[in-house]
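User: I have a structure open and a list of labels for it. I would like to know what stands behind each label.

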Amino acid sequence: MKRILITGAASGIGRATATLFARNGWTVGLLDVNNDALVSLSDELAGAWYQRLDVTSHSDCIEACEAFAEAHDGLDVLFNCAGILRMGAFEDIAADQHAQIINVNVNGLMNMSLAALPHLKKGDRPAVINMSSASALYGTPDFASYSASKFAVRGLTEALNIEWERQGIRVVDIMPPFVKTPMLDEAEYRAPVVDRLGVNLSADDIAGEVYKAANGPTPVHNPVGGLFRLMTLMDKVLPSRSTKWTMSWLSRH
Ligand code: NAI
């Protein structure tokens with residue numbers, strides 16, 4: 001039975017992914033900062049293993065990976081899904097909130113990847129799957145620090161995809177545009193680009209992409225949805241000012 005650890009498992013995409021993998025017979029480890037939501041998800045998933053952690057704490061990450069690997073005799077896949085978002089004009093967001101976005105979305109992913117590595121090395125066809133975003137294609141107005149954090153995820157994924165290939169570990173990312181989850185539904189401010197591009201994906205759609213990435217060879221970047229795949233292709237073949245123009249038009253106020 002294959003084993004997956006999921007950060008941000010208590011809500012949205014992480015939760016849908018945990019449910020899909022558990023239904024398909026995987027041993028699932030649920031990690032999140034929200035303990036109450038972890039307890040209720042674990043109950044739903046027939047007592048799935050869980051541990052509260054804050055991904056910004058490297059020691060939390062080490063303890064969680066060790067505890068899961070000890071309880072289940074190893075680890076095969078890490079899904080780095082925990083993330084936070086704050087939308088708005090760059091100057092309307094406080095410096096400590098920008099820093100927290102980078103801390104959770106980037107340092108958290110590095111902490112977990114480092115902590116999981118010794119266990120993944122011994123895993124069965126091991127993989128790390130990172131949640132990137134469509135905002136890692138071109139800097140997204142009203143999402144400046146979030147977009148920067150997902151560019152960092154993109155860079156880490158590309159570098160580790162090559163570095164860890166030597167150790168037999170696949171590292172890939174998933175790049176969806178907007179997905180209907182509490183992250184968007186509970187946001188204090190909704191940037192115009194959200195409704196202009198539309199929220200056409202569900203957490204279950206993304207869970208399906210993660211499942212594909214965990215089971216088979218996939219490219220290093222996995223854009224999701226027809227429209228965003230088209231934008232990714234256009235970005236490759238057209239001059240870069242075309243993507244700037246598209247982004248500017250989509251995010252106009
Ligand atoms: P969500 O808000 O529903 O779930 C995020 C989870 O991460 C929550 O359970 C939260 O408690 C947990 N979390 C936050 N900070 C944490 C920390 N320091 N330590 C441990 N856990 C922490 O959000 P959603 O939409 O499911 O997002 C999941 C991932 O997908 C994020 O990385 C997000 O950036 C990414 N994403 C989301 C998109 C969307 O439109 N919803 C689009 C593209 C990417």
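User: What makes cysteine 61 buried?

Analyst: This is a predicted model, so every value here is computed from it. Cysteine 61 has a relative accessible area of 0%. Buried means under 20%. Cysteine 61 is therefore buried.

User: Why is cysteine 61 not called part of a disulfide?

Analyst: Distance decides. The closest cysteine sulfur, in cysteine 65, is 6.6 Å from the sulfur of cysteine 61. A disulfide needs the two sulfur atoms within 2.5 Å. So the pair is too far apart for a bond.

User: And cysteine 81: buried or exposed, and how far is its sulfur from the closest cysteine sulfur?

Analyst: Cysteine 81 is buried, with a relative accessible area of 11%. The cut-off for buried is under 20%. The sulfur of cysteine 81 lies 14 Å from that of cysteine 61, its closest cysteine sulfur. That is too far for a bond.

User: How many disulfides does the whole structure have?

Analyst: A search of the whole structure finds zero.

User: Why is strand β5 called largely enclosed?

Analyst: Count its residues. Strand β5 covers residues 127-131, and five of the five are buried, so the rest of the structure largely encloses it. In a regular strand, side chains alternate between the two faces of the sheet. In β5 both faces are covered. Ala127, Ile129 and Met131 are buried on one side, and Val128 and Asn130 on the other.

User: How do you know which strands β5 pairs with?

Analyst: Count bridges. Two strands pair if there are at least two bridges between them. Strand β4 (residues 77-80) and β5 have four bridges and pair in the parallel sense. Strand β6 (residues 170-175) is joined to β5 by five bridges, and the two run parallel. Isoleucine 129 stands opposite phenylalanine 79. Isoleucine 129 also stands opposite valine 172 in β6.

User: What links these strands along the chain, and what is the handedness of each crossover?

Analyst: From β5 the chain crosses through helix α5 (residues 144-163) to β6, in a right-handed β-α-β crossover. Between β4 and β5, the chain passes through helix α4 (residues 95-120). That β-α-β crossover is right-handed too.

User: What makes β3 and β9 edge strands?

Analyst: Start with the order. The open sheet has seven strands, β3-β2-β1-β4-β5-β6-β9, with parallel pairing. Strands β3 (49-52) and β9 (221-223) each pair on one side only, and are the edge strands. The twist averages 15° from one strand to the next. At the β9 edge, three bridges join β6 to β9, which run parallel. Methionine 175 stands opposite proline 223 in β9.

User: Why are helices α1 and α2 called roughly parallel?

Analyst: The angle settles it. The axes of α1 (residues 12-23) and α2 (residues 35-44) cross at roughly 20°. Angles under 35 degrees count as roughly parallel. So α1 and α2 are roughly parallel to each other. Their axes come within 11 Å, and the crossing is right-handed.

User: Where is alanine 116, and what is its relative accessible area?

Analyst: Alanine 116 sits in helix α4. Its relative accessible area is 0%. Set against the cut-off of under 20%, alanine 116 is buried. Alanine 116 and valine 77 are 39 residues apart in sequence, yet 9.0 Å apart in space, C-alpha to C-alpha.

Key
Residues are numbered from 1 along each chain as its sequence is written. This is a predicted model: local features need pLDDT of at least 70, side-chain atom pairs count only at pLDDT 80 or more; totals for chains, interfaces and linings use all residues. Side-chain values use heavy atoms; hydrogens and water are left out. Buried means under 20% relative accessible area, exposed over 50%, partly exposed in between (1.4 Å probe, protein chains only). A crossover is right-handed if, with the strands pointing away from the viewer, the path from the first strand over the helix to the second runs clockwise. Axes are lines fitted to C-alpha atoms, for helices over the stretch in contact, and angles run from 0 to 180 degrees between N-to-C directions. Angles under 35 degrees count as roughly parallel, over 145 as roughly antiparallel, 65 to 115 as roughly perpendicular and the rest as oblique. A crossing is left-handed if the near helix is turned anticlockwise from the far one by less than a right angle, and right-handed if clockwise.
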